[in-house]
Amino acid sequence: INGWRSVWGQGDFPFLYVQLAPFKYGPTDPQFLLPQIWEAQTKVLAMKNPGMAVTTDIGNVSDIHPKNKQEVGRRLALWAMAQDYGRKDSIYSGPLYESHAVELDQIRIKFKHTGSGLASRDGKPLSWFTIAGEDKKFVPATAKIEGNSVLVSSSKVTSPVAVRFGWNQIA
């Protein structure tokens, strides 16, 4: 992004991008771990004027290109309308990590961009969360929504230090 901005000489112009879609990329390669790429893409949001359309919830692991291209475009348009055209009243992003705190044997994760509140997309219990103690061995966790936060725990971890969500390579 900085390279393009430098070459084009237009300052910190808006830069919108699409999160890499979930897909069966093949055998796990230490150089290509999908969750690490997602994490890097999320960190780009700390730059000036970026916007990211999340695709983890609309992708198809059997097809690298999400079929619902209209939704990808709509999500990019929402970012542009909010950031570049002053339409701050719209919800232009899904929930993004804001902070976390250890509360006894569980970790509370707070989110920004929660709109009217967090909800499970399919009405089912939350899944794909893992939690770890000092040994950094992640185990499946139970996660429940409380307001604009998610409380994560496991009976196998009494003193948690870390939580992950969707941190696995689809193979």
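## Exercises on a predicted chain

In the protein chain, 58% of the contacts (heavy atoms within 4.5 Å) with a separation of 6 or more join residues 24 or more positions apart. This is a predicted model, where local features need pLDDT of at least 70, side-chain atom pairs count only at pLDDT 80 or more, and totals for chains, interfaces and linings use all residues. Residues are numbered from 1 along each chain as its sequence is written, and side-chain values use heavy atoms, leaving out hydrogens and water.

**Exercise 1.** Work out which pattern of helices and strands the protein chain follows.

*Solution.*
- Start with the rule: helices (H or I, at least four residues) and strands (E, at least two) are DSSP runs, numbered from the N terminus.
- Next, tally them up: you get three helices and nine strands.
- Now read along the sequence, and the pattern is α-β-α-β-α-β-β-β-β-β-β-β.

**Exercise 2.** Find what share of the 171 residues in the protein chain is buried.

*Solution.*
- Grab the cut-offs: buried is under 20% relative accessible area, exposed is over 50%, and partly exposed is in between (1.4 Å probe, protein chains only).
- Apply them to the protein chain, and buried residues come to 29% of the 171.

**Exercise 3.** Place V7 in the protein chain and decide: buried or exposed?

*Solution.*
- First, locate V7: this residue sits in helix α1, which covers residues 2–8.
- Then check its relative accessible area: V7 has 66%, so V7 is exposed.

**Exercise 4.** Give the rough box that the C-alpha atoms of the protein chain fill.

*Solution.*
- Take the principal axes as your directions.
- Along them, the box is roughly 55 × 40 × 30 Å.
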